[in-house]
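Welcome, and please open your viewer. This tour goes from one selection to the next, with a short word on what to find at each stop.

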Amino acid sequence: FRRQGAESDLVLRSLFGPDWRRHAMLVFTHADHLEKAGLQPPAFLTQSSDWLSSLAEEVGGGVSFLDNSCDWPSIRGRSIRDQLLRLSAKNHHKALQFRSDQSL
């Protein structure tokens, strides 16, 4: 992570603890705009900043791209619900403790 990623990581660690990445999933909305710009979602990640591509590789729930051009957003590949269920099972259905006493 560069500076921006390190700052985000610090905030997320203070809120959710050191294991937050194992319980996280990255969701990009408006993937239809990527396609209009001539980019495919995987190519977008390879061309993005180092901290974003690193985060995409590290989150336990993987990465999803939502197409918002329809009345009901569609997702490439497995549905978000299925991805969340798999992520929860992978983490043995343990929840992260949210630390609301942390000042941002």
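Start by selecting Arg81: at 56% relative accessibility, this residue counts as exposed, because the cut-off for that class is over 50%. Keep in mind as you look around that this is a predicted model.

Now add Asp82 to the selection. The side chains of Asp82 and Arg81 form a salt bridge, with 3.1 Å from N to O. Asp82 has a relative accessibility of 28%, so this residue counts as partly exposed. As background, side chains of opposite charge can pair when their charged atoms come close.

**A network of charges**

Which residues are joined into one network by salt bridges that share partners? Select Asp9, Arg13, Arg21 and Glu58, and you have that network on screen. In total, the structure holds four salt bridges.

Zoom in on Asp9 and Arg21. Their side chains meet in a salt bridge at 2.6 Å, N to O. Colour by element and you can see that the pair links distant parts of the chain: Asp9 sits in helix α1 (residues 3-16), while Arg21 lies in the loop between α1 and β1 (26-28), 12 residues apart. Are these two residues buried or exposed? Both Asp9 and Arg21 are buried. For Arg21, the relative accessible area is 16%, and the residue is classed as buried because that class covers values under 20%.

Keep Arg21 selected and bring in Glu58. Here the side chains of Glu58 and Arg21 meet in another salt bridge, 2.7 Å from N to O. This pair also links distant parts of the chain, with Glu58 in helix α4 (residues 50-58) and Arg21 in the loop between α1 and β1, 37 residues apart. Turn on the surface and look at Glu58: with 37% relative accessibility, this residue counts as partly exposed.

**Stepping back**

Finally, clear the selection and switch to a cartoon of the whole chain. You should find five helices and three strands. Follow the cartoon from the N terminus, and the elements run α-β-α-α-α-β-β-α.

How much of the chain counts as buried? Of its 104 residues, the share is 30%. Show the full surface next: the accessible surface comes to about 7200 Å², and 53% of that belongs to carbon and sulfur atoms. For a last view, display the contacts between residues at least 6 apart in sequence; 71% of these join residues at least 24 apart.

Methods. Residues numbered from 1 in each chain as written. Predicted model: local features only at pLDDT ≥ 70, side-chain atom pairs only at ≥ 80, totals over all residues. Heavy atoms only, no water. Helix = DSSP H or I, 4+ residues; strand = E, 2+ residues; numbered from the N terminus. Buried < 20%, exposed > 50% of the residue type's maximum accessible area, 1.4 Å probe, protein only. Contact = heavy atoms within 4.5 Å. Areas by Shrake-Rupley, 256 points an atom, 1.4 Å probe, with all protein chains shown as cover.
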